[in-house]
Amino acid sequence: LKPSHFQAIAAVVKNSTALETLDLTDTQIDEAGVEKIAEGLRANSSIKRIFFSQNGITEKGAAAIAAALTPPANQRLPSTTSPRRRQSQDPRAVATPYKSTLKRLYLRGCSLSPQSVEALFNMLAVNTHLIELDLAGSPFPVAQIKTLGNALALNTNLHELDIDYPD
């Protein structure tokens, strides 16, 4: 697909009230496309599953996905809001009203950088809708296990997490 396709898809995502699954597996989506889709996802309340699998998602793209799935402090459950987290909220996250109820996010085989994985782990601490996250194939340092552990201590809704990485 071309960049113009992703821009059109992003408009559909932002405005659709019926679309429940979006499969962008192996579409060679570029950074700008991921950012546009993420912005639309933030405003969408119908999409429950999105597949970005087998794409080269950049740090900026992963950060856009994490920001899109991070609710503003005033929409979080009390147990997931802390002053430190409020201050670190991505300023891009407030540009589009937050409506996302995404349940499943698939990033399998995207070879995310450790920084991208960190951004997604931090999002898990405050996102109460996501029940499945697939990051298989993305390496991350052992030190990030602490970030994951902290996030999962706050998020009791995530039921499936795939972080398989072949040695």
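# A tour of the predicted model

Begin in the middle of this predicted model by selecting Phe52, Ile57, Leu105, Leu107, Leu112, Leu120 and Leu124, the residues with the most contacts inside the largest nonpolar core, which has 34 residues. Now colour the helices α1 (3-15), α2 (31-42), α3 (59-68), α5 (114-124) and α6 (144-154), each of which supplies at least two residues of this core. Among the contributors, α5 gives the most, with five residues.

Stay in the core and pick leucine 112. Which residues does leucine 112 touch, once its neighbours within four places in sequence are left aside? Leucine 112 is then in contact with Ile57, Ala62, Leu107, Val117, Leu120, Leu135, Ser138 and Pro139.

Next, show the strands. They form an open sheet of five, in the order β1-β2-β3-β4-β5, with parallel pairing. At the edges you will find β1 and β5, each of which pairs on one side only. If you look along the sheet, neighbouring strands are turned against each other by 5° on average, direction ignored. Strands of a sheet pair through backbone hydrogen bonds, either parallel or antiparallel. To look at one such pairing, select β1 (21-23) together with β2 (residues 49-51), which pair in the parallel sense over three bridges. Here leucine 22 stands opposite isoleucine 50 in β2.

From β2, move on to the aromatic rings, of which two pairs are counted. Select phenylalanine 51 and tyrosine 106, which form a stacked pair, 4.2 Å centre to centre and with 5° between the planes. Phenylalanine 51 lies in strand β2 and tyrosine 106 in strand β3, so this pair ties together parts that are 55 residues apart in sequence. Phenylalanine 51 is partly exposed, with a relative accessible area of 22%, whereas tyrosine 106 is buried, with a relative accessible area of 12%. The other pair to select is phenylalanine 121 and phenylalanine 140, arranged edge-to-face at 5.4 Å centre to centre, with 85° between the planes. Because phenylalanine 121 lies in helix α5 and phenylalanine 140 in the loop between β4 (132-134) and α6, this pair ties together parts that are 19 residues apart in sequence. Phenylalanine 121 is buried, at 0% relative accessibility.

Now turn to α3, a helix that is mostly covered, since seven of its 10 residues are buried. Select Gly61, Ala62, Ala64, Ile65, Ala66, Ala67 and Ala68 to see these buried residues, and then display α2, β3 and α5, which are included in what covers them.

For another helix, select Gln144, Thr147, Leu148 and Ala151, the buried residues of α6. Why do they sit on the same side of α6? They cover an arc of only 100° around the axis, which puts them on the same side of the helix. An α-helix has 3.6 residues a turn, so residues three or four places apart point the same way. The buried residues of α6 pack against α5 and β5 (160-162), while the face turned away from this buried side carries the exposed residues Lys146 and Ala153.

Finish with two loop residues. Glutamine 28, in the loop between β1 and α2, has a positive phi of about 60° although it is not a glycine, and glutamine 28 is exposed, with a relative accessible area of 55%. Serine 111, in the loop between β3 (104-106) and α5, also has a positive phi, near 50°, in a residue other than glycine. Is serine 111 buried or exposed? At 53% relative accessibility, serine 111 counts as exposed.

Note on methods:
Residues are numbered from 1 along each chain as its sequence is written. This is a predicted model: local features need pLDDT of at least 70, side-chain atom pairs count only at pLDDT 80 or more; totals for chains, interfaces and linings use all residues. Side-chain values use heavy atoms; hydrogens and water are left out. A nonpolar core is a set of buried Ala, Val, Leu, Ile, Met, Phe, Trp, Tyr and Cys residues joined through side-chain atoms within 4.5 Å. Buried means under 20% relative accessible area, exposed over 50%, partly exposed in between (1.4 Å probe, protein chains only). Helices (H or I, at least four residues) and strands (E, at least two) are DSSP runs, numbered from the N terminus. Contact means heavy atoms within 4.5 Å. The arc is that of the directions from the helix axis to the C-beta atoms. Two strands pair if DSSP finds at least two bridges between them. Axes are lines fitted to C-alpha atoms, for helices over the stretch in contact, and angles run from 0 to 180 degrees between N-to-C directions. Rings of Phe, Tyr and Trp (its six-membered ring) pair if their centres lie within 6.5 Å; planes under 30 degrees apart count as stacked, over 60 as edge-to-face and the rest as tilted.
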